[in-house]
Amino acid sequence: MKKNFEFIAALAFLGVVGIAAIAGLPGNILNLLIFMMIIALTAQGWNVLGGYGGLSSFGHAAFFGTGAYTTTILQTSFGINAWVGLVCGVILGAAVGALIGFLSFRAGLKGSYFALITLAFAEVLRILANSWDFTGGAAGMLVSINNGFAYLQFSDRRWFLLILIGFVAGGLLLTRWLERSAFGAYLIALRENDQAAQALGVDIFRIKMQAITLSAAITALAGCLYVQNFLFIDANVAYGSWISIEALFAAIVGGAGTMLGPLIGSVLLLGLGEITKSFSGGIAGVDLVVFGIILILCVAFAPNGIRGFVSDLWYRRKSRGKAM
């Protein structure tokens, strides 16, 4: 029942955002909501692997950047439709995830070792993208402005926000399936105790490979959509540590391994960061200070994230009511 309520509440929130966008919002609020949805989708990808699987990654930028560069190169160099480029970006991002997973899991890496190897892969890809000519090198790449559904570009940015809301809603549906499926149960079992799960007959290598491939595909999708929004990409944006940090922060602060966590975290972090920047006069990096403070507070007082903290308060209040 609780899971159903969370799912309905999340869809209701997305519905309210969509209705507000259609009704009309100031440009700066619209841009903030678009970026929130991109980060929420990225955090949903991280949550599959890091939240449900317990395999914390510091290098999801490797998948985000691969999706972003793939769709950009296909559009600018080969004139391929943006939707086809998006599908190719997701597939190639998933392939990079499978490659990193195969090399890492065959070597038995987990915990901090796995986190560091993902960070290393993302950094290698950043250096390569910054050096190669076909990725635009240090200058980056621009996507031509061609408004229309086929190009995933719109003169009225409300339509792009509605598409993003649809993808985030799809991420919620996927998470809902994950929590109810055998694959999700195996993934949680690996998170709790992978040796016990293996002793019970779970093929942990296969489950881990499926998890990182799915996680990478969702994150690559977010990278493709990022490009269609900003129409520019370079190595530091695509493979920079900023996107890995924001995906990780959003999921952990909101509640890793939960349906609502990535959405709550992205809205809270970016919303508070934007408010802080407006009150501070736009001081560079002040939003990162806010992120750090929120993370410290969550680790100290809400180790299960905002969603877990609210859930604990609810059950305590309910228990007290029954006791009285």
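Leu231 lies in the loop between helix H8 and strand E2 (232–233). This is a predicted model. Phi of Leu231 is near 60°, a positive value in a residue that is not glycine. Is Leu231 buried or exposed? Its relative accessibility is 15%, so Leu231 counts as buried. The cut-off for that label is under 20% relative accessible area.

Leu152 offers another case of positive phi. Its phi is about 55°, and Leu152 is not a glycine either. Leu152 sits in the loop between E1 and H6. At 0% relative accessibility, Leu152 is classed as buried.

Now step back from Leu231 into helix H8. Two packed helices are described by the angle between their axes and the distance between the axes. Take H2 (residues 27–52) and H8 (residues 204–230). Their axes come within 7 Å and cross at roughly 165°. Angles over 145 degrees count as roughly antiparallel. H2 and H8 are therefore roughly antiparallel to each other. Their crossing is left-handed. Which residues of H2 and H8 make the contact? On the H2 side they include Ile34, Phe35, Ile38, Leu41 and Trp46. Gln44, Gly45 and Thr42 of H2 also take part. On the H8 side, Ile212, Leu214, Ile218, Leu221, Leu225 and Tyr226 are among them. So are Asn229 and Phe230 of H8.

H8 has a second partner to look at, helix H6 (158–180). The axes of H6 and H8 come within 12 Å and cross at roughly 175°. That angle makes H6 roughly antiparallel to H8. From H6, the contact is made by Phe160, Leu164, Phe167 and Leu174. From H8, it is made by Leu214, Ile218, Leu221, Leu225, Gln228 and Asn229.

Asn229 deserves a closer look. This residue lies in helix H8. Asn229 takes part in the contact with H2 and in the contact with H6. Its relative accessible area is 11%, so Asn229 is buried. What does the side chain of Asn229 meet? A polar contact of 2.7 Å joins it to the side chain of Arg157. Leaving aside residues up to four places away in sequence, Asn229 touches Ile34, Ile38, Arg157 and Phe160. Ile34 and Ile38 belong to the H2 side of the H2–H8 contact. Phe160 belongs to the H6 side of the H6–H8 contact.

Follow the chain to Asp156. Asp156 is placed in the loop between strand E1 (141–142) and helix H6 (158–180). Its relative accessible area is 25%, so Asp156 is partly exposed. The side chain of Asp156 makes a polar contact with the side chain of Arg158, at 2.7 Å. Asp156 can also be placed against Gly89. The two are 67 residues apart in sequence, and their C-alpha atoms are 25 Å apart in space.

Next comes helix H4 (residues 82–106). How does its length compare with what its 25 residues should span? At 1.5 Å a residue, the expected span is 36 Å. The end C-alpha atoms of H4 are 35 Å apart, which agrees. Asn81 caps the N-terminal end of H4. A side-chain oxygen of Asn81 lies 2.6 Å from the backbone nitrogen of Trp83. H4 is followed by Gly108, which has a positive phi, near 75°. Within H4, look at Ser104. Ser104 is buried because its relative accessible area is 1%. Ser104 touches Leu109, Phe114 and Ile117, not counting residues up to four places away in sequence.

Helix H12 (residues 286–301) can be checked for length too. Its 16 residues should span 22 Å at 1.5 Å a residue. The end C-alpha atoms of H12 are 23 Å apart, which agrees. Which residues of H12 are buried? They are Val286, Asp287, Val290, Phe291, Ile294, Leu295 and Cys298.

The tour ends in helix H13 (residues 305–323), where Leu313 is placed. Leu313 has 42% relative accessibility, so it counts as partly exposed. Leu313 and Phe134 are 179 residues apart along the chain. Their C-alpha atoms are separated by 53 Å.

Terms used: Residues are numbered from 1 along each chain as its sequence is written. This is a predicted model: local features need pLDDT of at least 70, side-chain atom pairs count only at pLDDT 80 or more; totals for chains, interfaces and linings use all residues. Side-chain values use heavy atoms; hydrogens and water are left out. Helices (H or I, at least four residues) and strands (E, at least two) are DSSP runs, numbered from the N terminus. Buried means under 20% relative accessible area, exposed over 50%, partly exposed in between (1.4 Å probe, protein chains only). A polar contact is a pair of N or O atoms within 3.5 Å; within protein, one must be able to donate a hydrogen and the other to accept it, and residues adjacent in sequence count only if both atoms are side-chain atoms. The expected span of a helix is 1.5 Å times one less than its number of residues. Axes are lines fitted to C-alpha atoms, for helices over the stretch in contact, and angles run from 0 to 180 degrees between N-to-C directions. Angles under 35 degrees count as roughly parallel, over 145 as roughly antiparallel, 65 to 115 as roughly perpendicular and the rest as oblique. A crossing is left-handed if the near helix is turned anticlockwise from the far one by less than a right angle, and right-handed if clockwise. Contact means heavy atoms within 4.5 Å.
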